[in-house]
Amino acid sequence: MNKRYKNKMQLEILSKSNNEAFARITVAAFAAQLDPTIEELSDIKTAVSEAVTNSIIHGYENKEGIIRINAYIYDNVLRIEIADQGKGIEDIEIAKQPLYTTKPELERSGMGFTIMDNFMDNLKVESVVGMGTKVTMEKKIADKNTNEEKNQEENFYV
Amino acid sequence: MQIKYLEQDKLLFFSLEEEIDHHTTKDLRRKMDYEIERHMPKKVIFNFDSVSFMDSAGIGLLLGRYKIVNMLRWRSSIN
């Protein structure tokens, strides 16, 4: 998507687990201007939480590092980019498989990428071993006002 | 998290609250395992009524407790 964005935010956090809540709430607050439903908001929060947790546990393996979150609004689409400079993913296709985890001892469910893929409309994962990983997600937020107006109009004519 | 244990029925209740993510599960896991080991209940019941957010870390937490409970042939149920 090369179209010019309408709005943009940037957030840089340390890879500490207590920043997970901060990151997802910040992105959700930014997304609020698209007037999402509660359900859409919790989808966004969960997807961000998964990506940030992945960076902390797998990317940096609980060592200190920086996670960069960029979010953009294009018309009615929210685009979120979450990038780390951690160890990277060797095989993205295997990592994306449901229930696959490299850290079962930490009681990871292996559902991170599956949740991101299902809760968002678009998911792209780019990674270079030793350099880091970047996750890009997009979600279309339905325009409720136009629907409401349409419904009202329909009611009016019926 | 509210913890309740019924001695005569050997029931252990965990009422979870607010947000469950990778950060909060560390503490929850420790507390839950402590209570399970201490009481050795017949049945463990999780209540998610007051939970406002949960991600895959919460699934991992539940599956982990389920495994422990299963291993010892207890039963666990989720409300």
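**Exercise 1. In this predicted model, find which strands helix α1 of chain A lies across, and how α1(A) runs relative to β1(A).**

Solution. Start with residues 19–31 of chain A, which form helix α1. This helix lies across β1, β2 (66–74) and β3 of chain A. Now compare directions: α1(A) runs at about 175° to β1(A). Next, look at helix α2, residues 38–59 of chain A, which also packs on the sheet. Its contacts are with β2, β3 and β5 of chain A, and its direction makes about 10° with that of β3(A).

**Exercise 2. Work out the strand order of the five-stranded sheet in chain A, and say whether the sheet is open or closed.**

Solution. A reminder to begin with: strands of a sheet pair through backbone hydrogen bonds, in either a parallel or an antiparallel way. Tracing the strands across chain A gives β1-β2-β3-β5-β4, an open sheet with antiparallel pairing. At the edges sit β1 (7–14) and β4 (122–128) of chain A, each of which pairs on one side only. On average, neighbouring strands here are turned by 10° against each other, with direction ignored.

Then zoom in on one pair. Strand β3 (residues 77–84) and strand β5 (residues 132–140) of chain A run antiparallel and are joined by eight bridges. If you would like a landmark, A:Ala83 is found opposite A:Lys134 of β5(A).

**Exercise 3. Decide whether α1 and α2 of chain B are roughly parallel or roughly antiparallel, and list the residues that meet.**

Solution. First, locate the helices: α1 covers residues 22–39 of chain B and α2 covers residues 56–71 of chain B. Their axes come within 10 Å and cross at roughly 15°. Angles under 35 degrees count as roughly parallel, so α1(B) is roughly parallel to α2(B). The handedness of this crossing is right-handed.

Second, pick out the residues. From α1(B) come B:His22, B:Thr25, B:Leu28, B:Arg29, B:Met32 and B:Ile36. They meet B:Ala57, B:Gly58, B:Leu61, B:Gly64, B:Arg65 and B:Ile68 of α2(B). Sorted by class, this contact has six nonpolar, four polar and two charged residues.

**Exercise 4. Find how many residues of chain A and of chain B are in contact, and which helix gives the largest share of chain A's side.**

Solution. Count each side: 17 residues of chain A are in contact with 13 residues of chain B. On the side of chain A, α1, α2 and α4 (112–119) each supply at least two residues. The largest share, seven residues, comes from α2(A). To finish, classify this side of chain A: four residues are nonpolar, eight polar and five charged.

Note on methods. Residues numbered from 1 in each chain as written. Chains lettered and ligands numbered in written order. Predicted model: local features only at pLDDT ≥ 70, side-chain atom pairs only at ≥ 80, totals over all residues. Pairing = 2+ DSSP bridges. Helix = DSSP H or I, 4+ residues; strand = E, 2+ residues; numbered from the N terminus. Axes fitted to C-alpha atoms, helices over the stretch in contact; angles between N-to-C directions. Contact = placed C-beta atoms within 7 Å. Parallel < 35°, antiparallel > 145°, perpendicular 65-115°, else oblique. Left-handed = near helix turned anticlockwise from the far one by under 90°. Nonpolar A, V, L, I, M, F, W, Y, C, P; charged D, E, K, R; others polar.
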